[in-house]
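Hello,

Here is the structure I promised to pass on. Please open it first, then read my notes below.

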Amino acid sequence: MAGKLKVSTVSLAGCFGCHMSLLDIDERLLTLLERVEFDRSPITDIKHCSPCDIGLIEGGVCNAENVHVLREFRANCKVLVALGACAVNGGLPAQRNALDVGEILQMVYRTGHGLAPGSVVPDDPELPLPLNQVHPVHEVVRIDYFLPGCPPSADAIWSFLNDLIEGRAPRLGHGLLQYD
């Protein structure tokens with residue numbers, strides 16, 4: 001693996017669509033694997049990030065565990081890329097920002113229709129504490145590059161990664177960024 005760049009990915013509060021777009025580069029993954037080694041990613045199923053050259057982060061930050069994972073990821077990645085709308089600006093998960101988290105938890109677990117009598121809001125120390133707001137990743141750590149889209153296309157991810165691997169500032173030409 002000498003000479004190969006190490007790439008890691010992580011997903012926070014999102015739908016995993018950006019990772020699906022990464023996998024949608026299809027047979028180009030084989031070409032990519034000639035030039036990079038994947039650490040934490042959906043390809044390897046490694047749960048913790050070791051030092052890497054390029055980190056791709058998808059999803060917004062909605063709970064204490066997301067904050068911890070993101071800070072650990074930033075500490076291990078030379079270059080960190082916010083991948084997709086949720087990482088770039090909070091995306092769909094941030095739509096809850098106009099609501100009160102305490103009221104939502106009460107409605108979902110205590111007062112909503114169809115709940116068993118005596119239902120309680122979960123209070124297990126294993127569950128991450130929700131934040132009052134969903135945050136884009138740049139509000140928690142320094143981000144080097146932003147690749148928008150919901151999700152970004154496989155072609156956009158391919159082009160972006162190739163620019164980074166070649167040591168160029170990523171450039172996404174006409175047609176690579178679209179919002180459907």
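Two strands pair if DSSP finds at least two bridges between them. Helices (H or I, at least four residues) and strands (E, at least two) are DSSP runs, numbered from the N terminus. This is a predicted model: local features need pLDDT of at least 70, side-chain atom pairs count only at pLDDT 80 or more, and totals for chains, interfaces and linings use all residues. Residues are numbered from 1 along each chain as its sequence is written, and side-chain values use heavy atoms, with hydrogens and water left out.

**Strand S3**

Start with S3, residues 52–58. Strand S1 (residues 5–11) runs parallel to S3, joined by 5 bridges. Val 7 has Ile 54 of S3 as its bridge partner. S3 also pairs with strand S5 (residues 77–83), again in the parallel sense, over 5 bridges. There, Leu 56 is partnered by Val 81 of S5.

Buried means under 20% relative accessible area, exposed over 50%, and partly exposed in between (1.4 Å probe, protein chains only). In S3, 7 of the 7 residues are buried, so the strand is largely enclosed by the rest of the structure.

**Helix H6 and the aromatic pair**

H6 covers residues 154–165, 12 in number. From first C-alpha to last it reaches 16 Å, close to the 16 Å expected (1.5 Å times one less than its number of residues). Of its 12 residues, 11 are buried. Among them are Trp 158, Phe 160 and Leu 164. Gly 167 follows H6, with a positive phi near 85°.

Rings of Phe, Tyr and Trp (its six-membered ring) pair if their centres lie within 6.5 Å; planes under 30 degrees apart count as stacked, over 60 as edge-to-face and the rest as tilted. The whole structure has 1 aromatic pair. Tyr 145 and Phe 160 form it, edge-to-face, at 5.9 Å centre to centre and 85° between the planes. Tyr 145 sits in strand S7 (residues 145–147) and Phe 160 in helix H6, 15 residues apart. Phe 160 is buried, at 4% relative accessible area. Tyr 145 is partly exposed, at 27%.

**The cavity**

A cavity is a set of points on a 1 Å grid, over the protein atoms alone, where a 1.4 Å probe fits but cannot get out; lining residues have an atom within 4 Å of a point. The search finds 1 cavity of 30 Å³ or more. The largest holds about 80 Å³, a volume being the space filled by probe spheres set on the points. Its lining includes Cys 15, Glu 58, Leu 83 and Cys 150. Helices H1 (17–23) and H4 (85–89) each give two or more residues to that lining.

Best wishes

Note on methods
1 Å grid on protein atoms, 1.4 Å probe; cavity = no way out; pocket = protein on both sides within 12 Å on 5 of 7 lines; lining within 4 Å.
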